[in-house]
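User: I'm new to reading protein structures, and I'd like a close look at one spot. Could you start there, and then use what you find to walk me through the rest?

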Amino acid sequence: MLLVFLGPPGAGKGTQAARLSTKYGIPQVSTGDMLREAVAAETEVGLRAKSIMDSGQLVDDDTLAELVRDRLAQADADGGAILDGYPRNTAQATTLDEILSDADSRRVDRVLFLEVAEDVLVDRLSKRRACPGCNANFHLRFNPPSDGVHCDRCGTELIQREDDREAVVRDRLGVYRDSTEPLVDFYSERGLLARIDGEGDIDEVWDRVDATVRQ
Ligand code: AMP
């Protein structure tokens, strides 16, 4: 099963993808997390990507193609994967089809499009706190860490991602509208798109996501 989460930054793709991954036993492939790990490890890709990510722009398509191709070739993705943050433009969507057909004629089975109003996104992202240790996300109001400062999962001190500052959030939403939103039509025309209301609390959205995947 090859699922793609589509939606603006802050729509909840990572949170819902993690739950699906646990339920179906297939890996969550988050290109944002992979790139942040490369930045932290100061690899060649990471050094190249850091300033682009900090400003909320997209890292180049060739770098992403290589990351995703290598990740999907790993044994734990034999039974499928849940893509979170890829593809982010139509060129990447075409590349994804090529990567999948090269690998045993696989293809995208379903695209889960999380719809959330822009003012809700800005609130979610600017109050988001991320764990640099295990990539867990918290929200200062809706899902606060129990001591207000540390990750409940691994104890690491939480940070605000550079690209979650409000000015950068607005730039990321602009990039989403220009580059990523056209994928709604791209996948809709192929009959793969499922629209899911992404507003409400995490459990409410999960019920909708789970029901859609079970259909
Ligand atoms: P995310 O955690 O998905 O919001 O991704 C954080 C940042 O990583 C994005 O703002 C981009 O700079 C970069 N990034 C993640 N996925 C992609 C992608 N598919 N294409 C280009 N850049 C990406």
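Analyst: Sure, let's start with Ser126, which lies in helix H6, residues 118–126. Keep in mind that you're looking at a predicted model. Is Ser126 buried or exposed? Its relative accessible area is 18%, and the cut-off for buried is under 20%, so Ser126 counts as buried. And what does Ser126 touch, once residues up to four places away in sequence are set aside? The answer is Gln160 and Asp164.

Now try the same steps on some other spots. Ala65 has its place in helix H4. With a relative accessible area of 15%, Ala65 is buried too. Skip the residues up to four places away in sequence, and Ala65 touches Tyr86, Thr95 and Ile99. For a sense of distance, pick Pro182: Ala65 and Pro182 are 117 residues apart in sequence, and their C-alpha atoms are 19 Å apart in space.

Pro27 isn't in a helix or a strand; you'll find it in the loop between helix H1 (13–24) and strand E2 (28–30). Being in a loop doesn't settle the matter of burial here, as Pro27 has a relative accessible area of 9% and is buried. Leaving out neighbours within four places in sequence, Pro27 is in contact with Ser21, Arg71, Asp76, Ala77, Gly80, Ala81 and Ile82. Leu83 is 56 residues away from Pro27 along the chain, yet their C-alpha atoms are separated by 8.6 Å.

Ala73 sits in a loop as well, the one between H4 and E3. What sort of accessibility does Ala73 have? At 62%, Ala73 counts as exposed, because the cut-off for exposed is over 50%. The C-alpha atoms of Ala73 and Glu162, 89 residues apart along the chain, are separated by 31 Å.

Next, the inside. The largest nonpolar core has 30 residues, and the members that touch the most others are Leu72, Leu96, Val108, Val111 and Tyr187. Which elements give two or more residues to this core? They are strand E1 (2–6), helix H2 (31–40), helix H3 (44–54), helix H4 (61–72), strand E3 (81–84), helix H5 (90–102), strand E4 (110–115) and helix H8 (182–189). Zoom in on Leu96: beyond its neighbours within four places in sequence, Leu96 is in contact with Val4, Leu72, Leu83, Tyr86, Pro87, Val108 and Tyr187. There is also a second, separate core of 21 residues, with Ala17, Leu20, Leu114 and Val209 among them.

Two of those Leu96 contacts, Tyr86 and Pro87, bring us to some backbone details. Most peptide bonds are trans, and most residues other than glycine have a negative phi. Tyr86 and Pro87, though, are joined by a cis peptide bond, with omega at about 0 degrees. Pro87 itself is in the loop between E3 and H5.

As for phi, have a look at Glu42, which isn't a glycine but has a positive phi near 55 degrees. Glu42 is in the loop between H2 and H3, and at 58% relative accessibility it counts as exposed. Asn135 isn't a glycine either, and its phi is positive at about 70 degrees. You'll find Asn135 in the loop between strand E5 (128–130) and strand E6 (137–139). At 29% relative accessibility, Asn135 counts as partly exposed.

Finally, zoom out. The chain has nine helices and seven strands, and 45% of its 215 residues count as buried. Among contacts with a separation of 6 or more, 69% come from residues 24 or more positions apart. How does the overall size fit a compact globule? For 215 residues, such a globule would have a radius of gyration near 17 Å, and the chain has 16 Å, which agrees. Along its principal axes, the C-alpha trace spans about 50 × 40 × 35 Å.

On the outside, the accessible surface comes to about 10,600 Å², with 46% of that belonging to carbon and sulfur atoms. For charge, count 27 positive and 41 negative side chains; the centres of the two sets lie 3 Å apart.

Note on methods. Residues are numbered from 1 along each chain as its sequence is written. This is a predicted model: local features need pLDDT of at least 70, side-chain atom pairs count only at pLDDT 80 or more; totals for chains, interfaces and linings use all residues. Side-chain values use heavy atoms; hydrogens and water are left out. A nonpolar core is a set of buried Ala, Val, Leu, Ile, Met, Phe, Trp, Tyr and Cys residues joined through side-chain atoms within 4.5 Å. Buried means under 20% relative accessible area, exposed over 50%, partly exposed in between (1.4 Å probe, protein chains only). Helices (H or I, at least four residues) and strands (E, at least two) are DSSP runs, numbered from the N terminus. Contact means heavy atoms within 4.5 Å. The radius of gyration is taken over C-alpha atoms; the globule rule is 2.2 Å times the number of residues to the power 0.38. Accessible areas come from the Shrake-Rupley method with a 1.4 Å probe; for residues, only the protein chains shown count as cover. Lys and Arg count as positive and Asp and Glu as negative; His and the chain ends are not counted. The place of a charge is taken as NZ of Lys, CZ of Arg, CG of Asp or CD of Glu.
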